[in-house]
Amino acid sequence: MAEAVWNTDTGEAVYRSRDPVCNLRLRVHLQRITSSNFLHYQPATQSGKDIIDLGTFRPHPTASGHRPDEDEEEEIVIGWQEKLFSQFEVDLYQNEAACQSPLDYQYRQEILKLENSGGRKNQRIFTYTDSDRYTNLEEHCQKMTTAASEVPSFLVERMANVRRRRQDKRGMEGGIFKSRMVTWEPSEEFVKNNHVINTPLQTMYIMADLGPYGKLGYKTYEHVLCTLKVDSNGVITVKPDFTGLKGPYRIETDGEMQELWKYTIHNVSSLAQPEEEEREQRVFKDLYGRHKEYLSSLVGTDFEMTAPGALRLFVNGEVVSAQGYEYDNLYVHFFVELPTTNWSSPAVQQLSGVTQTCATKSLGLVAYFSYPFTFEALFLHEDESADALPEWPVLYCEVLSLDFWQRYRVEGYGAAMLPATPGSHTLRVSTWRPMDLGPVAELRRFFIGGSLELEDLSYVRIPGTFKGERLSRFGLRTETTGTVTFRLHCLQQSRAFMESSSLRKRMRSVLDRLEGFSQQSSIHNVLEAFHRARRRMQEARESLPQDLLSPSETLVT
């Protein structure tokens, strides 16, 4: 009687095991459900007798001598890479002329021993191991997409036809590999052939011969019940998955003798004994301990510390992008200025860099650089007075563009103070460039690449060499351009972070003052931008004719 619920999920399942795969055991149960030829009529031998005797309806014996009632159901336990011969292989290897390879002669000897010892333990269920010359044709027909009119590509066909087996290492001749390590001029065929992933796998097929009575041993009746694949990392792929609590799988044969079969697959591998598990845990513990010691030997035990009262700043940064500039083919020149007092950096440390040139598809788009940089600086606090305000490093940037003749133009200058707190920060630096009055300067900038430049980039803010009380920029005409985006990951290291003495209190006060200084700088930038906007508005209003202004409008001073 047919089962009420069938298992229609025939997809593969992936498992991972640290145990040796040789301990894998599967129990496969195969049973016929329906048949179109239960009874075979044998005509009467007596002439003149028209009555059909019921005794003539008797089961037809199979070629191997088994009765049909013995052939309806079969259950067998199979181990990993255990060879079970089919009726086709038994008939084939009994003929010595059909044996060609050493494996064929080995199979012949095993079959002869089985015949002498009473025959095979299996009838319909058999296996193809990793050594057999068998490829499942259904794997070739797998589709990569859900399209009905899919045409497999060259790579799909090669991946379906590849025989992924465990590969032996190639021999060496005089310390040199036989094959060429590098192919300097690969052909198109070479590229196609070497584009196929050939990971080493061991494969095993559990098969079933679903032929009718008396026709066992024909290739057309062979069906794949289960496919097992194991790699060197202990990953086991089973297709279809173990039955478990789900219903059995079904197979419906084609042809005139249509029959319905059901089968189940169960994992019956023996569990490890407590003594074996304990021994295995000890082995893994010893292995992991040795690996940890090896890693510790590579890193070392000495951890580099800063001097007492010092703060080390690590910055891993990235020039992300630039946008809002007049011309294309942009690149960014940047550098970090350390304050002259209490700050230092290693002699081999680079505090500047230049990005690659980025050409966008059209003007106005964002130019992405993704240019990484890193630097390290050391701050040593020596002034104990409460009024001393520590200074912090400043990041300067200069945006330039290249024309058709590879001449550069200045697109903008900008500066920003590095974050005083550790962590990830994103800085968007607004830039400006100096400009001349009149069209001559713009024509010169467009045709021959000449433009006004700053001799000292630190003039964007207050230069470090400035010693006066007031810095005047009167008469400097500027134009606001675009913005440059930086992404900074800051790390701070100090002994004060792990000490509970007065040094920790002193360093905390220093950091608090640094954060206050950063806030003051941000407020100053906002006020400066506000005053700059007011000046531009006033200049624009002064340039308008007086008759366009209403009497009620007054200039804000």
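## Notebook: salt bridges, strands and a surface patch

I began with charged pairs, and I found that R250 forms a salt bridge with E252, the closest N and O atoms being 3.6 Å apart. I looked up the cover of R250 as well, and because its relative accessibility is 40%, R250 counts as partly exposed. I note here that this is a predicted model, and I keep that in mind for every entry below.

**Entry on confidence.** I checked how far the predictor trusts its own result, and the protein averages a pLDDT of 77, with 71% of the residues scoring at least 70. I then found that residues 36–49 have a pLDDT below 50, although this stretch has 16 contacts in the model beyond near neighbours in sequence. Residues 163–178 also have a pLDDT below 50, and for this stretch I noted 26 contacts beyond near neighbours in sequence. I remind myself that where pLDDT is low, the predicted coordinates should not be read in detail.

**Entry on other salt bridges.** How many salt bridges does the count come to? I found 16 salt bridges by the rule used here. I looked next at E376, which forms a salt bridge with R312, and there the closest N and O atoms are 3.3 Å apart. Because E376 lies in strand 18 (residues 367–380) and R312 in strand 14 (residues 310–323), the pair ties together parts that are 64 residues apart in sequence. Are the partners of this bridge buried or partly exposed? E376 has a relative accessible area of 21%, so I wrote it down as partly exposed, while R312, with a relative accessible area of 11%, is buried, since the limit for buried is under 20%.

I also followed a network, in which salt bridges that share partners join K83, E89 and D132. Within this network the side chains of K83 and E89 meet in a salt bridge at 2.9 Å, taken from N to O, and both K83 and E89 are buried.

**Entry on strand 13.** I turned to strand 13 (residues 260–267), which is mostly covered, six of its eight residues being buried. Which strands run antiparallel to strand 13? Strand 2 (residues 25–34) is joined to strand 13 by eight bridges, and the two run antiparallel; in this pairing I found L30 opposite Y263 of strand 13. Strand 12 (residues 249–252) pairs with strand 13 over four bridges, again in the antiparallel sense, and here the bridge partner of I251 is W261 in strand 13. As background for looking at such strands, I noted that in a regular strand the side chains alternate between the two faces of the sheet.

**Entry on W80.** Where is W80 placed? I found W80 in the loop between strand 5 (73–79) and helix 1 (87–93). Because its relative accessibility is 12%, W80 counts as buried. Leaving aside residues up to four places away in sequence, I listed what W80 touches: V21, C22, L24, R25, Q202, M204, L228 and V230. For one of these, V21, I looked up the C-alpha separation from W80, which is 6.9 Å, although the two residues are 59 residues apart along the chain.

**Entry on the surface.** My last search was for a nonpolar patch on the surface, and I found one formed by Y294, L295, L298 and V299, with about 450 Å² of accessible area together. Y294 lies in helix 5 (residues 274–299), and because it has 49% relative accessibility, Y294 counts as partly exposed.

Note on methods. Residues are numbered from 1 along each chain as its sequence is written. This is a predicted model: local features need pLDDT of at least 70, side-chain atom pairs count only at pLDDT 80 or more; totals for chains, interfaces and linings use all residues. Side-chain values use heavy atoms; hydrogens and water are left out. Patches are made of residues with over 30% relative accessible area and no salt bridge: like charges are joined within 9 Å, nonpolar side chains (Val, Leu, Ile, Met, Phe, Trp, Tyr) within 5 Å. Accessible areas come from the Shrake-Rupley method with a 1.4 Å probe; for residues, only the protein chains shown count as cover. A salt bridge is a side-chain nitrogen of Lys or Arg within 4 Å of a carboxyl oxygen of Asp or Glu. Buried means under 20% relative accessible area, exposed over 50%, partly exposed in between (1.4 Å probe, protein chains only). pLDDT is the predictor's confidence in each residue, from 0 to 100. Contact means heavy atoms within 4.5 Å. Two strands pair if DSSP finds at least two bridges between them.
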